[in-house]
Amino acid sequence: MIKKVGVIGLGTMGQGIAEMLAAKGLDVVVIEVSDERLSYGLQMIESNLDKQIEKWALTGAEKKLILSKISSAKQFEELADCELVIETITEDLEAKKEIFERLDSICGENTILASNTSTLSLTELASVTSMPARVIGLHFIYPVSKIDLVEIVRGLKTSDETFAQTKHFVEEIILKKGVMVFESPGFVTTRLICLFINEALHVLEEGVASAQDIDNAMRVGYSFQNGPFEMADRFGLDSVLAALERMFREYGELKYRPSIVLKKMVRAGHLGAKSGVGFFHYDKDGDRI
């Protein structure tokens, strides 16, 4: 039974995962590369809980209970007694491999080591560990608290036991729908949604319609929660670009080649909700202005 979970990285995804796990009653240990980033991540979790209170979706007592379930760690050694550790840092293969190598030497042999990667190879991440059978992918989708789907990604050496335990955790403990995916760049959701966003960018480039009208067409016409441009803003334009570039390298097909508009916006620092401006503008809490 998984009762204590480590979360490495408190960016947008790490915040959502940590908050969701704590809301499900699990003890969560979070760690970041610096005290500043750790403090900011915890502050953003509290801010998100406050917004839920304002919308009558949460009580003050529930907020206190969730926050009491989240503790911060200074050293990786403090993750040693977790039954599951989820890595959620940026899509940097070498940095992730370094983390998995450290976790392998610290955590017990029954600890499941998971990555929230959306494009990188689980087999390659597992290759730096002494027990690749316990390495698996847990790809959550933003916003974590609202999307009830998790891609459970099997690397080449992921064991049946690790998969079964992880699937039980996803479906019986955090009550989300788990879909099994064999390792492939972009898996299912990232591969399809990034193509959708990239095609919308080409439509914008061609002057067929404005970003707002393209979003309205897909949101109203096809019941998307967000259109492709707001979706990209919330994922982070740099993350979308990185995913497309990796899939372009791996598959070698032109359909994955990122739009020049996307490249220009990332170079300009217009990364979406996290920078305050992307295709649309956002306040400090990430709400669209």
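## A quick tour of the model

Let's start with one tyrosine: Tyr251 is partly exposed, with a relative accessible area of 23%. That figure falls between the two cut-offs, since buried means under 20% and exposed means over 50%. Keep in mind that this is a predicted model. Beyond that tyrosine, the tour takes in an open sheet of eight strands, a cis peptide bond from Tyr142 to Pro143 and a crossing of helices α8 and α9.

**The tyrosine pair**

- The structure holds three aromatic pairs. One of them joins Tyr251 and Tyr256, whose rings are stacked, with 5.0 Å centre to centre and 25° between the planes.
- That angle earns the word "stacked" because planes under 30 degrees apart count that way.
- Tyr256 counts as buried, as its relative accessibility is 0%, while its partner Tyr251 is partly exposed.

**The sheet**

- Reading across the open sheet, the eight strands come in the order β3-β2-β1-β4-β5-β6-β7-β8, and the pairing is mixed.
- The edges belong to β3 (70–72) and β8 (177–182); each has a single partner strand, so one side of each is left without a neighbour in the sheet.
- From one strand to the next, the twist averages 25°.
- As background, strands of a sheet pair through backbone hydrogen bonds, either parallel or antiparallel.
- Here, β6 (residues 135–140) and β7 (residues 149–154) go for the antiparallel option, with four bridges between them. Leu138, for instance, has Ile152 in β7 as its bridge partner.
- Helix α4 (residues 93–106) packs on the sheet, where it touches β1 (4–8), β4 (84–87), β5 (112–115) and β6. The direction of α4 makes about 170° with that of β5.

**Backbone oddities in the loops**

- Going from Tyr142 to Pro143, the peptide bond is cis, with omega near -5°. You'll find Pro143 in the loop between β6 and β7.
- Leu175 isn't a glycine, yet it has a positive phi of about 55°. Look for Leu175 in the loop between α6 (160–173) and β8. It counts as exposed, because its relative accessibility is 53%.
- Ser223 isn't a glycine either, and its phi is positive too, at about 60°. This serine is in the loop between α8 (211–222) and α9 (228–235). With 67% relative accessibility, Ser223 counts as exposed.

**Where α8 meets α9**

- Two packed helices are described by the angle between their axes and the distance between the axes.
- For α8 and α9, the axes come within 7 Å and cross at roughly 100°. That makes α8 roughly perpendicular to α9.
- On the α8 side, the contact involves Ala211, Ile214, Asp215 and Met218; on the α9 side, it involves Pro228, Phe229 and Glu230.
- Sorted by type, the residues of this contact are five nonpolar, no polar and two charged.

**Leu201 and its company**

- Leu201 is part of helix α7 (residues 189–205). Its relative accessibility is 0%, so Leu201 counts as buried.
- Setting aside neighbours within four places in sequence, Leu201 is in contact with Phe229, Ser259, Val261, Leu262 and Phe279.
- Phe229 comes up again here: 28 residues separate Leu201 and Phe229 along the chain, and their C-alpha atoms are 8.1 Å apart. Phe229 is also one of the α9 residues that meet α8.

Note on methods
Residues numbered from 1 in each chain as written. Predicted model: local features only at pLDDT ≥ 70, side-chain atom pairs only at ≥ 80, totals over all residues. Heavy atoms only, no water. Pairing = 2+ DSSP bridges. Helix = DSSP H or I, 4+ residues; strand = E, 2+ residues; numbered from the N terminus. Axes fitted to C-alpha atoms, helices over the stretch in contact; angles between N-to-C directions. Contact = heavy atoms within 4.5 Å. Buried < 20%, exposed > 50% of the residue type's maximum accessible area, 1.4 Å probe, protein only. Parallel < 35°, antiparallel > 145°, perpendicular 65-115°, else oblique. Nonpolar A, V, L, I, M, F, W, Y, C, P; charged D, E, K, R; others polar. Phe/Tyr/Trp six-rings, centres within 6.5 Å; stacked < 30°, edge-to-face > 60°.
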